[in-house]
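Me: Can you walk me through this fold in plain words? I'm new to reading structures.

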Amino acid sequence: MGHRTRLSAVQLRDLIVDDGTWESWDTVIARPAATSDGEDRAYADDLARARELAGTDEAVITGAGLIGGRRAAIVLSEFGFLGGSIGRDAGRRIVDAIVRATREGLPLIASPASGGTRMQEGTAAFLQMVAITGAVTAHKAAGLPYLVYLRHPTTGGVFASWGSLGHVTWAQPGALIGFLGPRVYEGLYGEPFPEGVQTAENLVRTTVVDDVVEPVDLGARLAAVLRLLAMHDQLATTDPVSPTGPAPVAESADAWASVLATRAPQRAGLAEFLALEDSAPLSDAGPLRFSLSSFGGHVALVVGYDRVSQERGELPGPRHLREARRAIMAAGELGLPVVTVIDTPGAELSVVAEEGGLAAQIARCTVELIKAPVPTVSILLGQGAGGAALALFPADLRVARADAWLSPLPPEGASLIVYRDLDHAAEMAARQGILAGRLAEQRMVDVVVDADSDAEALTGVRAAVARHLSTSPVPDIPARTRVPVAEVR
């Protein structure tokens, strides 16, 4: 069903909304745009045919329903209505729905499938994108979730406005997604747009989109996210739990043996860490991944490095750190604590990474974490080499597994710099004080968890995080100057 299937708005609605819970928010369009400023008979005929073909009265339907038992506001494009294009009436309907969702304190789910602005209405339709963007901005400023699912196809002004503002953005497999439609590009430049660029899968690879999700799986994904966000909101109204005492600190260990242990193929990593408690993946591909996860009932956004992807040679680069920054900012908007998981042999070293501003992205990601307005925890779970590790390290609480390590370079790199060979890697590991226990002695790490097994270590680390979150006050969403929604009429 997923690959370039054009799902109607009603089909997608029925896939994600609990049976019998849909409540339409759409009102009758008394005077369509075609008759508002003088009669446009050709356009009026287009609208009449579109209503008949699409089975809807405009290019969007809006309303609310339960998803996994939790109420959410929903805006769905109908591509069958003039290519899902947004004119005055569709724009007003979207703005009205977003404003109502904000007023009622509901999470908002938007699923565009659109060619963009409605050409028959020209600039007035084009400026509806500003009104919609203003409404989305106000919704997010209120600390409310905005989740986007891009369907096939999504292009033009819709993609350049409300289609690109989600706290989380997923896409339909195989969907055509891009700013300039391929037909327009070919007509203007006399050649087809390069294949494979404007696809959901490529946009996941380039971190423009968080993940590809089959339509049949979307309801379960949304339900999991809404469940954890609701859990976070409920905890915000309860008193903190008293801490149960400090976690154990490890004894000194052989540094090189620990380095080798962190590189063992079967060692537990991010996936096993998330599997221990209720978690919902937001992005599930590439070396840097994002999830919501419960820590003893306290929900946080987890930003972590995936061992398996990195073992395949997919190392974090500038685009991944840009995505990390965006995720940390989204957590701040939603009042969610941030937990980072560090387990990386180092960042991507390539011409592309250098030209993409790797160093700058490391610095900016570090800054974003330092200034985050929510509780933060960093976890040194295994390897911690170089700038990729540094970017996710600063936090209110720093927790480490006993054999985890942090260094400017892998020990082999340090050996090359000092001795011009690889033979002194073990010596450099010992000399540089890279192990968690040594970092704790120097107050660079707050809690070190020693354990005899992966399961015991991961449980201990999660317990340390839960203790910290239970005593950290849930921040109020800071008051922000809202963007006025000046709708074009």
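Here is a short chat about the chain as a whole and then its sheets.

Me: How many helices and strands are in the protein chain?
Reply: Keep in mind that this is a predicted model. Both kinds of element turn up in the protein chain, and the tally is 20 helices and 16 strands.

Me: What radius of gyration does the protein chain have, and what would a compact globule have?
Reply: The chain has 489 residues, and a compact globule with that many would come out near 23 Å. The two values agree, because the protein chain has 25 Å.

Me: What share of the residues count as buried?
Reply: A residue is called buried when its relative accessible area is under 20%. Going by that cut-off, the buried share of the 489 residues is 55%.

Me: Which share of the contacts with a separation of 6 or more comes from residues 24 or more positions apart?
Reply: Here we set aside pairs with a separation below 6 and look at the contacts that remain. Residues 24 or more positions apart make up 74%.

Me: Which strands stand at the edges of the sheet that includes β2?
Reply: That sheet is open, has mixed pairing and runs in the order β1-β2-β3-β4-β5-β7-β9. A strand at the edge has a single partner, so one of its sides is left without a neighbour in the sheet. That fits β1 (23–24) and β9 (211–212).

Me: Which helix packs on this sheet and touches β1, β2, β3 and β4?
Reply: Its direction makes about 25 degrees with that of β2, and it spans residues 88–103. That's helix α3.

Me: Which residue in β3 stands opposite L66?
Reply: Strands of a sheet pair through backbone hydrogen bonds, either parallel or antiparallel. Strand β2 (residues 60–67) and strand β3 (residues 70–77) are antiparallel, with eight bridges joining them. Across from L66 you'll find R71.

Me: What about the sheet that starts with β10: which are its edge strands?
Reply: This one is also an open sheet of seven strands with mixed pairing, ordered β10-β11-β12-β13-β14-β15-β16. An edge strand pairs on one side only, and here that goes for β10 (279–283) and β16 (447–449).

Me: Do β14 and β15 pair in the parallel or antiparallel sense, and which residue of β15 faces L380?
Reply: Strand β14 covers residues 376–384 and strand β15 covers residues 397–401. Four bridges link them, and the sense is parallel. The residue of β15 opposite L380 is A400.

How values were computed:
Residues are numbered from 1 along each chain as its sequence is written. This is a predicted model: local features need pLDDT of at least 70, side-chain atom pairs count only at pLDDT 80 or more; totals for chains, interfaces and linings use all residues. Side-chain values use heavy atoms; hydrogens and water are left out. Two strands pair if DSSP finds at least two bridges between them. Helices (H or I, at least four residues) and strands (E, at least two) are DSSP runs, numbered from the N terminus. Contact means heavy atoms within 4.5 Å. Axes are lines fitted to C-alpha atoms, for helices over the stretch in contact, and angles run from 0 to 180 degrees between N-to-C directions. The radius of gyration is taken over C-alpha atoms; the globule rule is 2.2 Å times the number of residues to the power 0.38. Buried means under 20% relative accessible area, exposed over 50%, partly exposed in between (1.4 Å probe, protein chains only).
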